[in-house]
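Please open the model in your viewer and keep the sequence panel beside it. The tour below moves from one selection to the next and says what is to be found at each.

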Amino acid sequence: MTTNPFDSDSSAGIRSAKMDDATWFDEFTIELRLLAVPGSDIGDALASAREFLADAGTSAQECFGSPRSYAAELRLSTIPQPAVNGVGLRAGLGLLGLIGFMVSALPLVQGAAVRVDLPTISLFVVVIVGAVLMPTFLRSLARVRPRAWMFVVAAVLGIALPLGLNVWTDFATVLFTVSALPIVIASALLVLVSAIWSQARHSLRDDPIVAPGGAPDARTSLSTRLFLGAITWSMVILSIVIWLFALFGEPLGR
Amino acid sequence: MRAALSLCVLRALAPGPTYGYAIASTLEAAGLGAIKGGTLYPLLTRFEAAGWIAGEWRPGAGGPGRKYFSLTDDGQRELADQVAHWQLFSITVHDHLQKGPVES
């Protein structure tokens, strides 16, 4: 293939060997999703790229450059996004409810008040800030290729953070106490509203990728439905685990 | 140079409906070099959004379907306008190159 005098991205060919076409199309799809391009237009863009590649006989990376820059250069129409990011809001509400259960379930079972200290307040602040930053975080996370060390780091953090918080709480001064029942009720509402809202959104606002001239699959695959269900109801499931520990954890510990 | 490519792509569509790789091949045969998909499709998408061209998917024989593009009436007018502008521009540049700067 000769050099295209109009193409400024002539370095694309150098990177071509590093990415196979399947990966390129996966990343291209993610980039178009991140740009909020409608599913039908994504299907059109994917089919156009495949059509051109079938004739050109080169790799997708060489032919179109990086998935991110190509998706941006296409400048396809986008779905207007709401001012408030629903994903971040729902995740934040569910997480607040979960933490609410973490601090109030055991005191309620034991008939005690919830002791509010600096670690507890810090945790709530971190969750709220995390929910606000969620859209930016998700965009970055979507572009990350999973690596084994990431799962190891996540597992270590998942164990170390609660343990560290627990140790900190043991030494922290109690600032004030609150009755456990209102926190339990508020937490239950937050967890349920978050899950039901997410479930309704999955059912009502799906925007499947439709190939040109094709119809969207009437039914998503079982594995996809199970995965979405697990994500949607994960806060409820974790809340049940917390309650099981609160109700039966102490007798088991003896 | 991008403007010239834009004009050449519109011109390649003038004979009738055609598809992405055929447009790239036409331009390469005309001496404009190999046009990559990453250069061509953003232009076609922009033309489609402007209403200058219309896209239609046609089923392929055994392989993937092809998206055929054709000039709309607006596209024909745009091509005529751009050709006129380009000719005026090229004459101006040519004259300048021949005569050099005008002395005051």
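A residue counts as buried here if 20 or more other C-beta atoms lie within 10 Å of its own, with C-beta atoms placed from the backbone. Bear in mind throughout that this is a predicted model.

Begin by selecting chain B, where, by that criterion, buried residues make up 28% of the 104 residues. Colour chain B by secondary structure, and four helices and three strands should appear, following the pattern α-β-α-α-β-β-α when read along the sequence. Of the contacts in chain B between residues at least 6 apart in sequence, 45% join residues at least 24 apart.

Next, restrict the selection to the strands of chain B, which form an open sheet of three strands in the order E1-E3-E2, with antiparallel pairing. At its edges are strand E1 (18-19) and strand E2 (53-58) of chain B, each of which pairs on one side only. Add strand E3 (residues 66-71) of chain B to the view of E2(B), and follow the six bridges over which these two strands pair in the antiparallel sense. For one of the bridge partnerships, pick Ala54(B), whose partner in E3(B) is Ser70(B).

Now move to chain A and select helix H6 (residues 86-110), whose end C-alpha atoms are 36 Å apart; this agrees with the 36 Å that its 25 residues should span at 1.5 Å a residue. Centre the view on Ser104(A), where H6(A) has a kink of about 35°, shortly before the proline Pro107(A). Finally, step to Gly111(A), which lies just after H6(A) and takes a positive phi of about 70°.

Key: Residues are numbered from 1 along each chain as its sequence is written. Chains are lettered from A and ligands numbered from 1 in the order in which they are written. This is a predicted model: local features need pLDDT of at least 70, side-chain atom pairs count only at pLDDT 80 or more; totals for chains, interfaces and linings use all residues. Two strands pair if DSSP finds at least two bridges between them. A residue is buried if 20 or more other C-beta atoms lie within 10 Å of its own, exposed if 12 or fewer, and partly exposed in between; C-beta atoms are placed from the backbone. Two residues are in contact if their C-beta atoms, placed from the backbone, lie within 7 Å. The expected span of a helix is 1.5 Å times one less than its number of residues. The bend at a residue is the angle between axes fitted to the seven residues ending there and the seven starting there.
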